[in-house]
Amino acid sequence: MAVKLIDFAEKSYLCAMKADIPIRKVEDIAVAIMPPLLEPDSTLWEVYLINLKGDAIENVLVSSRGYGTKEGEEINTSVLRHFIERMAPLSYHKIEQIQTELFVLNNEYWVSFSYDDFLFDKKYTFEQGSISIDNFTRIPFLNRDGVMLD
């Protein structure tokens, strides 16, 4: 295998290219986890993606996974991927259900989407033990209590 050396001029060009790429912050997108409406004692809770923007977002990809340590053992759940072609402005979409026994892990939702001709992405991590009634807040549009990251 041949190794290509990059000279100083080429390296400067690559750095300049990287500086030209705008980094845009994700705003007005949230992930919420809450118990089912009619079954507050259920062991399966619901995960929602919430679009708080006044505009639609498109080509939404959500990757979810859990990881951490339980009883001294390292645990990694399967990675699940969900695709939403278009989310209307000021709307929500149910992503998945999550077992309450996984609340002892970090639960990560990596959200990527197109908006205003740019690709955005953000990682939302519910840290171990953070999905609890102690952290409930009112979830917009759903008018239910749950834990929300924005």
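**Reading an open sheet**

Biologist: I can see that E9 and strand E10 (residues 144-149) pair in the antiparallel sense, over 3 bridges. How many bridges are needed before two strands pair?

Modeller: The cut-off is at least two bridges between the strands. This is a predicted model, and in it E9 and E10 have 3 bridges.

Biologist: Which residue stands opposite arginine 144 in E10?

Modeller: Look for isoleucine 139, which stands opposite that arginine.

Biologist: Where does this pair of strands fit in the sheet as a whole?

Modeller: Follow the order of the strands across the sheet, E6-E2-E1-E10-E9. That makes 5 strands in an open sheet, with antiparallel pairing. E9 (137-139) is an edge strand, and so is E6 (91-99): each pairs on one side only. From one strand to the next, the twist averages 45°.

Biologist: What else does the protein contain, and in which order?

Modeller: There are 10 strands and 1 helix. Reading from the N terminus, the helix is followed by the strands: α-β-β-β-β-β-β-β-β-β-β.

Biologist: How many of the residues are buried?

Modeller: Buried here is a matter of relative accessible area, with a cut-off of under 20%. Of the 150 residues in the protein, 35% are buried. The protein exposes about 9800 Å², and carbon and sulfur atoms supply 52% of that area.

Biologist: And what share of the contacts joins residues 24 or more positions apart?

Modeller: Among contacts with a separation of 6 or more, such residues account for 61%.

How values were computed: Residues numbered from 1 in each chain as written. Predicted model: local features only at pLDDT ≥ 70, side-chain atom pairs only at ≥ 80, totals over all residues. Heavy atoms only, no water. Helix = DSSP H or I, 4+ residues; strand = E, 2+ residues; numbered from the N terminus. Axes fitted to C-alpha atoms, helices over the stretch in contact; angles between N-to-C directions. Buried < 20%, exposed > 50% of the residue type's maximum accessible area, 1.4 Å probe, protein only. Contact = heavy atoms within 4.5 Å. Areas by Shrake-Rupley, 256 points an atom, 1.4 Å probe, with all protein chains shown as cover.
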